[in-house]
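Colleague: I'm new to this one. Could you show me how to read its main features?

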Amino acid sequence: MRDNLERVTIVLAKEQHQRFKDYSKKYHSSVSQFLRLAGENELDENDGVDDLKLRPIFEQLEKTSTNVQVMQRTLQKLEKEIDSITEQKRRKDEYIANHIEELLLSSGNKLSIPEIAGYLPYEQEKIIRGIEKLEERFVVVRIKQINGMSKWKIRGDPNDNN
Amino acid sequence: MIDNIWFCEPNDARESWCFFAIKVKKQDGSDTIAGWEICFANPNRTVRKVADAQSDEKELLKGLLHELYYCRKNDIKIITFETNTIPILRTRIIFHDIHNISFRSLQVISIQKLLQEHLFFGEDNSVPSISDFCSRMKIGRQDRDETELLHDIFKRIGPLLPPGVIE
């Protein structure tokens with residue numbers, strides 16, 4: 001026996017052994033040669049099939065991973081934009097609220113939204129937002145009018161009984 | 001100038017503030033969140049309330065973080081009583097390995113901190129608990145959630161604070 005070979009004993013069913021022997025004889029080979037070839041074929045075949053089957057899945061996974069990364073970057077960008085828009089809106093609202101506060105403080109009167117809009121160069125909608133801000137800062141007091149529009153006055157006026 | 005009454009009144013259903021309280025439970029030596037309660041309100045009224053209490057803390061946090069993101073997006077200030085509410089929340093988020101969370105631009109006001117800095121409670125200046133403080137301020141606690149009490153306290157102390165503190 002050559003040095004690079006190793007002897008192994010295998011157990012086969014009698015019929016199985018006969019079938020292998022017949023097959024080997026038919027192709028002028030030995031049972032050992034037949035079993036070696038059969039083993040190698042089995043290994044080659046399975047390795048190849050696994051690679052072939054898994055390749056599209058791996059490719060799809062890689063694509064998905066890239067897509068997730070792109071989505072994450074887009075989300076981060078969106079978050080920053082939301083923050084920036086919110087901050088800009090906040091500053092604008094505060095600016096208008098400060099003007100309304102100055103007006104109410106200097107006039108000393110209670111004023112309705114349209115009356116405030118008559119003094120200040122802002123859209124009525126912005127003035128409403130400014131008044132909301134001032135209410136949230138506890139700067140003004142709302143005076144409800146029976147059958148009429150609410151009016152606002154600076155909070156803390158000692159002459160005010162409301 | 002629009003003088004139709006419908007265009008001349010503030011939106012009294014607006015959500016200006018988010019009063020927020022958590023129920024903390026000690027578990028294996030650390031503070032865990034067993035429940036939370038949120039009350040959206042404005043200077044004139046309470047608008048809506050949401051709450052959750054369950055044993056799965058991670059699920060609990062998910063619902064809570066959804067509400068907090070809503071606040072962040074809509075520029076709603078979060079008002080808590082204790083100063084440690086948000087730090088506890090941050091710790092639990094890290095503990096549960098929850099990613100893609102941001103508290104950036106979230107505005108948080110702690111009433112406990114306001115009391116400590118702007119009111120006087122004797123020489124040692126130890127801030128009372130929420131129930132003690134409500135009793136002293138004669139705010140009725142019967143059948144009222146903690147967040148509703150926070151709303152009342154905030155409206156009571158808010159006008160006395162210097163500019164910039166709650167803005």
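Modeller: Sure, let's take chain A and then the cores. This is a predicted model, where local features need pLDDT of at least 70 and side-chain atom pairs count only at pLDDT 80 or more, while totals for chains, interfaces and linings use all residues. Residues are numbered from 1 along each chain as its sequence is written, and chains are lettered from A and ligands numbered from 1 in the order in which they are written.

Colleague: How many helices and strands are there in chain A?

Modeller: Helices (H or I, at least four residues) and strands (E, at least two) are DSSP runs, numbered from the N terminus. Chain A has four helices and two strands, in the order α-α-α-α-β-β from the N terminus. Its radius of gyration (over C-alpha atoms) is 44 Å, well over the 15 Å of the globule rule (2.2 Å times the number of residues to the power 0.38) for 162 residues, so chain A is more spread out than a compact globule. Its C-alpha atoms fill a box of roughly 120 × 30 × 25 Å along the principal axes.

Colleague: Which residues have the most contacts inside the largest nonpolar core?

Modeller: Such a core is a set of buried Ala, Val, Leu, Ile, Met, Phe, Trp, Tyr and Cys residues joined through C-beta atoms within 7 Å; buried means 20 or more other C-beta atoms within 10 Å of a residue's own, with C-beta atoms placed from the backbone. The largest has 30 residues, and B:Cys18, B:Phe19, B:Ile79 and B:Leu150 have the most contacts inside it (C-beta atoms within 7 Å). Another core, of 16 residues, lies apart from it and includes A:Leu104 and A:Val139.

How values were computed:
A residue is buried if 20 or more other C-beta atoms lie within 10 Å of its own, exposed if 12 or fewer, and partly exposed in between; C-beta atoms are placed from the backbone.
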